[in-house]
Amino acid sequence: MRSKFEEQVSKKYPELGYETDKLTYVVPAKKRTYNPDWTIRPGVYIETKGKLDRETIEKMLLVKKQNPDVTIYILFQRGSNKLRRGSKMTYLDWAEKNGFEAACWQETRGEIPPQWLENNND
């Protein structure tokens with residue numbers, strides 16, 4: 001685990017696979033891999049984010065665009081955080097604007113939204 005937040009999710013949901021898969025994406029002139037934090041089932045993942053920085057934003061947009069058959073949910077530690085100082089846009093606003101379904105760990109009282117865990121052929 002790379003953060004205390006990921007450890008919290010791991011303890012609460014030990015049945016989810018942590019960074020078990022790799023998705024490829026290409027940054028202009030560079031091939032990269034991305035390890036989604038949690039595997040719900042093949043092609044359906046949860047990314048837990050405490051901080052949403054510029055590098056992560058660019059990566060997530062490229063991964064989403066280059067893997068259109070994959071569902072990535074984003075679980076923010078604090079979804080009300082602003083993208084940067086002085087910005088009105090929150091992490092949750094950014095996710096919605098960019099087509100990611102997202103939730104806030106604090107607002108869900110430390111739970112993954114149950115509909116994310118259902119097998120409804122995403």
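Helices and strands here are DSSP runs, with at least four residues for a helix and at least two for a strand, numbered from the N terminus. With that in hand, welcome to the tour; the model on your screen is a predicted one.

**The whole chain.** Start by showing the protein chain as a cartoon, where you can find 4 helices and 7 strands. Walking along the sequence, you meet them in the pattern α-β-β-β-β-β-α-β-α-β-α. The radius of gyration is 14 Å, close to the 14 Å that the globule rule gives for 122 residues, so the chain is as compact as a globular protein of that length. Its C-alpha trace spans about 40 × 35 × 25 Å along the principal axes.

**The sheet.** Next, select the strands of the open sheet: there are 5, in the order 1-4-5-6-7, with mixed pairing. At its edges sit strand 1 (17–18) and strand 7 (102–104), each pairing on one side only.

**Two neighbours.** Now pick residues 44–49, which hold strand 5, together with residues 71–76, which are strand 6. These two strands run parallel and are joined by 6 bridges. For one of the bridge pairs, click isoleucine 46 and look for tyrosine 73 in strand 6.

**The helix across.** Add residues 4–12 to your selection: this is helix 1, lying across strands 1, 4, 5 and 6. Helix 1 runs at about 135° to strand 5.

**A last stop.** Finally, select lysine 49, in strand 5. Is lysine 49 buried or exposed? Its relative accessible area is 14%, and buried means under 20%, so lysine 49 is buried. Show its surroundings, and among the residues that lysine 49 touches you will find Phe5, Ile74 and Phe76.

How values were computed:
Residues are numbered from 1 along each chain as its sequence is written. This is a predicted model: local features need pLDDT of at least 70, side-chain atom pairs count only at pLDDT 80 or more; totals for chains, interfaces and linings use all residues. Side-chain values use heavy atoms; hydrogens and water are left out. Buried means under 20% relative accessible area, exposed over 50%, partly exposed in between (1.4 Å probe, protein chains only). Contact means heavy atoms within 4.5 Å. Two strands pair if DSSP finds at least two bridges between them. Axes are lines fitted to C-alpha atoms, for helices over the stretch in contact, and angles run from 0 to 180 degrees between N-to-C directions. The radius of gyration is taken over C-alpha atoms; the globule rule is 2.2 Å times the number of residues to the power 0.38. Lists of a residue's contacts leave out its neighbours within four places in sequence.
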